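Open the model in your viewer and keep the selection panel at hand. The stops below run from pockets to salt bridges to a sheet.

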Amino acid sequence: MAGQRQLVEWLESQGVLPREWRHTVAAVDRALFIPEVFEGGDIIADPEAWARSVYSDVPVVTQVNDGQETPEGAFRLSTSSSSMPSIMLEMLGLLGVCDGNTVLEIGTGTGYNAAWLSHRLGERNVFSVEVDPVVATLARRNLKHSGFRPTVVVGDGRNGHPEGAPYDRVICTCTMREIPRAWLEQCPSGRIVTPWGSSFFSGSYATLDVVDGDAQGAFSGYPAFMWDRSHRAGAGRISELYHHEKGVKGTTDIAPQNVIQDDPAFFTSLTVTDVWYRWCDADDDSGEATLWFFADDQKSWATVEYVPSAETYEVEQYGPRSLWDEVRSAFLGWHALGKPERSRFGLSADRDGQRVWLDEPHRLVGLK
């Protein structure tokens with residue numbers, strides 16, 4: 001049956017297990033942090049399949065819909081998980097901890113990441129904040145069984161944990177729309193790493209170095225983390241959001257797939273912050289598809305119909321906002337700037353808020 005050694009060997013073979021973390025990963029058994037039943041796994045029904053998932057480099061969803069009762073057939077939103085070990089290591093690499101560092105973790109989840117940090121830095125140097133009391137209780141139990149007792153508290157991670165401050169590092173395991181002021185105050189000279197974005201595009205890490213409470217840094221990676229619960233993006237099945245309303249029709253000469261590529265989508269996300277999209281291929285072999293846009297408040301939607309070899313594409317927009325027009329405007333703005341790659345953008349955060357800039361801190365482009 002699969003075991004921890006298999007996971008370690010696989011991570012090493014992929015070149016994603018840094019030498020300084022190998023002993024920790026080998027010493028902390030992931031199985032201690034995974035429930036007997038999770039989305040797609042049941043240790044009683046199929047123990048071998050359960051173990052394969054636990055000891056593979058895959059995410060394990062441990063909670064849906066905030067733990068609320070979910071009727072059969074209802075939409076299941078993943079709300080807590082054990083992340084892919086390779087992604088955890090990627091974030092820890094960005095965090096760059098050193099012996100003796102104190103770390104504030106936002107989002108305890110199963111406790112697996114806090115266990116790694118405790119093994120590497122000592123449990124007295126690790127503080128973790130979890131918004132969900134049930135998840136926090138399970139995490140404490142998991143940590144205790146693995147031999148660690150870091151400080152785990154229930155609360156809004158946006159407020160940090162002032163009782164343990166100051167910290168040398170802050171690591172957040174949920175996607176944030178902004179860098180909270182409390183983090184800057186509690187980590188006045190150190191580093192902050194968090195998944196960052198808006199509803200339109202959230203596939204970035206923000207890695208910020210903090211000096212005297214002012215932070216500045218860059219974007220990287222392609223993370224896919226759950227949202228900060230107080231600022232989630234919209235989600236759901238199209239059939240639950242679209243009720244055959246009739247919108248305003250038009251056309252566009254912009255191929256819809258072009259606006260959702262990483263670099264233009266990142267730029268669009270700086271101004272179109274509360275809109276999300278979904279690409280839906282046709283059921284036949286035509287190659288046709290529909291690109292849907294929905295506002296987080298569910299009051300507006302738009303579609304662009306993709307047909308191969310077409311020069312213009314049908315557009316339909318419904319609600320108080322013209323979502324395609326907003327996306328189109330941002331996309332054209334990205335072109336006007338010379339189609340910059342995401343790596344050319346940076347983020348600054350201080351007591352006055354956060355700002356995104358292009359190439360130089362004074363060249364602001366969004367989120368003033």
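Select strand 13, residues 275–281. With three residues, strand 13 gives the most to the lining of the second largest pocket. Keep in mind that this is a predicted model. The space in this second largest pocket is about 510 Å³. Now show its lining, which has 20 residues. Ser199, Ser202, Trp227, Ala233 and Gly234 are the closest to the pocket centre. Colour the lining by class: 13 residues are nonpolar, five are polar and two are charged.

Move on to the largest pocket. Its space comes to about 740 Å³. Which residues lie nearest its centre? Select Ser81, Thr173, Cys174, Phe225 and Met226. They belong to a lining of 43 residues. Recolour by class here too: the lining divides into 20 nonpolar, 16 polar and seven charged residues.

Next, trace the elements around this largest pocket. Select strand 4 (78–82), which supplies the largest share of the lining, five residues. Then add helix 4 (85–95) and strand 5 (103–106), each with at least two lining residues. Helix 5 (112–121) and strand 6 (126–130) each supply at least two as well.

Now turn to charged side chains. Side chains of opposite charge can pair when their charged atoms come close. How many salt bridges does the structure hold? The count is 15.

Start with arginine 177 and aspartate 296. Their closest N and O atoms are 3.5 Å apart, and the two form a salt bridge. Arginine 177 sits in the loop between strand 8 (169–172) and helix 7 (181–186). Aspartate 296 sits in the loop between strand 14 (289–295) and strand 15 (301–306). The pair therefore ties together parts that are 119 residues apart in sequence. Switch on a surface and compare the two partners. Arginine 177 has 19% relative accessibility, so it counts as buried, the cut-off being under 20%. Aspartate 296, at 22%, counts as partly exposed.

Go to arginine 355 and aspartate 350. This salt bridge has its closest N and O atoms 2.7 Å apart. Are these two side chains buried or exposed? Arginine 355 is buried, and aspartate 350 is buried too.

Then select aspartate 359 and arginine 363. Their side chains meet in a salt bridge, with 3.4 Å from N to O. Aspartate 359 is partly exposed, with a relative accessible area of 38%. Arginine 363 is also partly exposed, at 37% relative accessibility. Now pick Arg158, Glu178 and Asp228 together. Salt bridges that share partners join these three into one network.

Last stop: a sheet. Select strands 12, 16, 15, 14 and 13, which form an open sheet of five strands in that order. The pairing is antiparallel. Which strands are at the edges? They are strand 12 (248–252) and strand 13, and each pairs on one side only. Strand 13 is also where this tour began, at the lining of the second largest pocket. Look along the sheet: neighbouring strands are turned by 20 degrees against each other on average, direction ignored.

Finish at strand 12 and strand 16 (residues 313–318). These two strands pair in the antiparallel sense over five bridges. Zoom in on glycine 250. Opposite glycine 250, in strand 16, stands valine 315.

Technical notes
Residues are numbered from 1 along each chain as its sequence is written. This is a predicted model: local features need pLDDT of at least 70, side-chain atom pairs count only at pLDDT 80 or more; totals for chains, interfaces and linings use all residues. Side-chain values use heavy atoms; hydrogens and water are left out. On a 1 Å grid over the protein atoms alone, a cavity is a set of points where a 1.4 Å probe fits but cannot get out, and a pocket is an open set with protein on both sides within 12 Å along at least five of seven lines; lining residues have an atom within 4 Å of a point. Grid points are joined across faces, edges and corners, and a volume is the space filled by probe spheres set on the points. Helices (H or I, at least four residues) and strands (E, at least two) are DSSP runs, numbered from the N terminus. Ala, Val, Leu, Ile, Met, Phe, Trp, Tyr, Cys and Pro count as nonpolar, Asp, Glu, Lys and Arg as charged, and the others, Gly among them, as polar. A salt bridge is a side-chain nitrogen of Lys or Arg within 4 Å of a carboxyl oxygen of Asp or Glu. Buried means under 20% relative accessible area, exposed over 50%, partly exposed in between (1.4 Å probe, protein chains only). Two strands pair if DSSP finds at least two bridges between them. Axes are lines fitted to C-alpha atoms, for helices over the stretch in contact, and angles run from 0 to 180 degrees between N-to-C directions.
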